[in-house]
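Colleague: I should like to learn how to read the features of this model in order. May we begin with the ligand and proceed from there?

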Amino acid sequence: MAVTTLGIIGAGAMGQGIAQVAAQNGIMAILLDAAPGAAEKGRAAVMQRIDKLAAKGQADAAAAGALLKVASGYADFAPCDFVVEAVVERLDVKQAVFAELEKVVRDDAILASNTSSLPIGSIARTCRKPERVAGLHFFNPVPVMKLVEVVRGPASSEATVRALLDLGARLGRTPIEVKDTPGFLVNLGGRALNTEALAILQENVAPCATIDAILRDCCGFRMGPFELMDLTGMDVNFPVTEIVWNGYFNDPRLRSTPFHASLFRSGLLGRKTGSGYYHYQDGKAVLPEATPPAGSPPKAVVLAEDHDLLRALCAAAKVEILARDDGKAPILAAPWGEDCTALSQRLKLDAKRLVAIDPAGKTDMRVTLMTAPGADAAVRDSVAALCRDAGRQVSVIADSPGFVAQRVVAMVANLACEIAQMQLADPASVDKAYQLALAYPMGPLAMADAWGVKRIYDVLVTLQQITGDDRYRPSQWLRRRALLGLSALTPA
Ligand code: NAI
């Protein structure tokens, strides 16, 4: 069988990664770059990485080396079956690259763009044969990131999309077909976690380190959103957030905050500049000293509503649960969607003694406590001591409808539901994309099932009602599945 030939224009970070996975998977890669010597340098960098893998027995350096070529000009792309461009993210430059390409490639060659933010339709519109143009969106670093989005442009033919899905699989990736929409699937989907964490920060519910710790320990995210934004850099995540927010005509679900913009504009980009949400010293985030536990647990508490978690904490800490409110004991609650203020009004409770504990997610390692404004700090501290005696780390936050974990998970699930509703991809591919490209502990639609689809829906309805903010309006996909008692993965 003839060897498939893939032309790659742009020998930077992405072009090199694509060339590496091609050569390692038996596909001829021809590299071209506009900067003098850049393609040769790119090839050498790829070979260095392959040599390292070969030393560990994970690659065949000779075979891969024979498949890595450098082009001296566009004419060398004449035999290519596919060409993917990974040049600078500018529409005019990409259009010019495709115009040059179409002068030399075969009529049946397929042309792809690795753009992360430009519409494929805008790139293809100046092409002679727009039907053979589509997106092939890899993630950085390419050899590590298994997902590739095959973006169907408005003019892309079925054959073009099929051929790119097949190429993606032959490159050792997991290809998913997505629509040509702002941020495609992954860069849109990733907005919920970051922007809801930012909304919580803006409301002064808790500092970054507390929000990150809750989302890691109670929701299973590998990194907290602020750690993650500092790692990717504000120069990457702020423009992507803006592009997606503008692309969806300022949908409040995708809204960021002035603080995010301010870090970007001030050049406080995260790890790479030594400062972002956190300050870094010797590559490590400088976190505030942990404050020693204050107070001792109460002798007894009263439950606002019965709940297994509250009973388990009291049993582990050996604290009595009173059958009736004695007017003095802390009142414990485990609400969904409500803040302490709303809860105290609904159940006519003494807000000074009310301490809410988040029942959501994993509660065996860390619990989150919140109180209403004006609450008795000594009461809150005594409940914190109770939780510590029950073997939990404690995060104390200000009053927030849905604490931190419920709000963030509900927003993540809601956006994934909206993505499924728009059919950017089928539900199973939506979940796969989040796991492979964003390293979520599980797909967000499966997460909605695990937490309870109706529960997630109710949290959002309550949030929207309490805040008056359409940011929290539930997706119709979520509403229908919640009301019908169906899995969030149920197809349309
Ligand atoms: P980069 O800056 O590392 O490399 C771009 C390369 O293209 C440079 O070597 C430059 O000399 C070359 N170039 C510029 N104009 C050219 C032209 N007219 N003809 C030939 N070569 C030209 O950029 P990077 O990060 O590799 O990004 C490339 C593309 O991939 C962009 O469209 C970007 O949006 C996209 N992308 C980047 C990701 C990332 O995390 N870096 C992730 C996914 C997509």
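**The ligand and its surroundings**

Modeller: The ligand is surrounded by 21 residues, and the closest are Met 14, Asp 33, Glu 89, Lys 94 and Asn 114. Please keep in mind that the model is predicted.

Colleague: Which helices each supply at least two residues of the shell around the ligand?

Modeller: They are α1, residues 13–24, and α4, residues 91–104. The largest share of the shell comes from α4, with three residues.

Colleague: How do the residues of that shell divide by class?

Modeller: Eleven are nonpolar, seven are polar and three are charged.

Colleague: Which polar side-chain atom lies 3.4 Å from an oxygen atom of the ligand?

Modeller: That atom belongs to Asn 140. Backbone atoms take part as well: a backbone N or O atom of Ala 13 is 3.1 Å from a ligand oxygen, and a polar backbone atom of Val 87 is 3.2 Å from an oxygen atom of the ligand. On its own, the ligand has 830 Å² of accessible area, of which the protein covers 70%.

**The largest pocket**

Colleague: How should one look for empty space in a model, and what is the volume of the largest pocket here?

Modeller: Rolling a probe the size of a water molecule over the atoms shows where empty space is left. In this structure, the largest pocket has a volume of about 1300 Å³. Its lining comprises 41 residues, and those nearest the centre are Phe 139, Asn 140, Asn 187, Thr 232 and Val 236.

Colleague: Which helix gives the most to this lining?

Modeller: Helix α11 does, with six residues. The helices that each supply at least two lining residues are α7 (186–189), α8 (191–202), α10 (225–232), α11 (234–247) and α17 (427–438). By class, the lining of the largest pocket holds 24 nonpolar, twelve polar and five charged residues.

**Backbone geometry**

Colleague: What should one expect of phi and of the peptide bond before turning to the exceptions?

Modeller: Most residues other than glycine have a negative phi, and most peptide bonds are trans. Here, the bond from Asn 140 to Pro 141 is cis, with omega near -5 degrees. Pro 141 sits in the loop that connects β6 (133–137) and β7 (147–152).

Colleague: Which residue other than glycine has a positive phi, near 60 degrees?

Modeller: It is Asn 204, which is located in the loop between α8 and α9, the latter spanning residues 208–217.

**An open sheet**

Colleague: In what order do the six strands of the open sheet run?

Modeller: The order is β12-β11-β13-β14-β15-β16, and the pairing is mixed. At the edges are β12 (320–321) and β16 (393–397), each of which pairs on one side only.

Colleague: How many bridges join β15 to β16, and are these strands parallel or antiparallel?

Modeller: Five bridges join β15, residues 366–370, to β16, and the two strands run parallel. Within this pair, Met 370 stands opposite Ile 397 of β16.

Terms used: Residues numbered from 1 in each chain as written. Predicted model: local features only at pLDDT ≥ 70, side-chain atom pairs only at ≥ 80, totals over all residues. Heavy atoms only, no water. Near = heavy atom within 4 Å. Polar contact = N/O pair within 3.5 Å; in protein donor to acceptor, adjacent residues only side chain to side chain. Areas by Shrake-Rupley, 256 points an atom, 1.4 Å probe, with all protein chains shown as cover. Helix = DSSP H or I, 4+ residues; strand = E, 2+ residues; numbered from the N terminus. Nonpolar A, V, L, I, M, F, W, Y, C, P; charged D, E, K, R; others polar. Pairing = 2+ DSSP bridges. 1 Å grid on protein atoms, 1.4 Å probe; cavity = no way out; pocket = protein on both sides within 12 Å on 5 of 7 lines; lining within 4 Å. Points joined across faces, edges and corners; volume = space filled by probe spheres on them.
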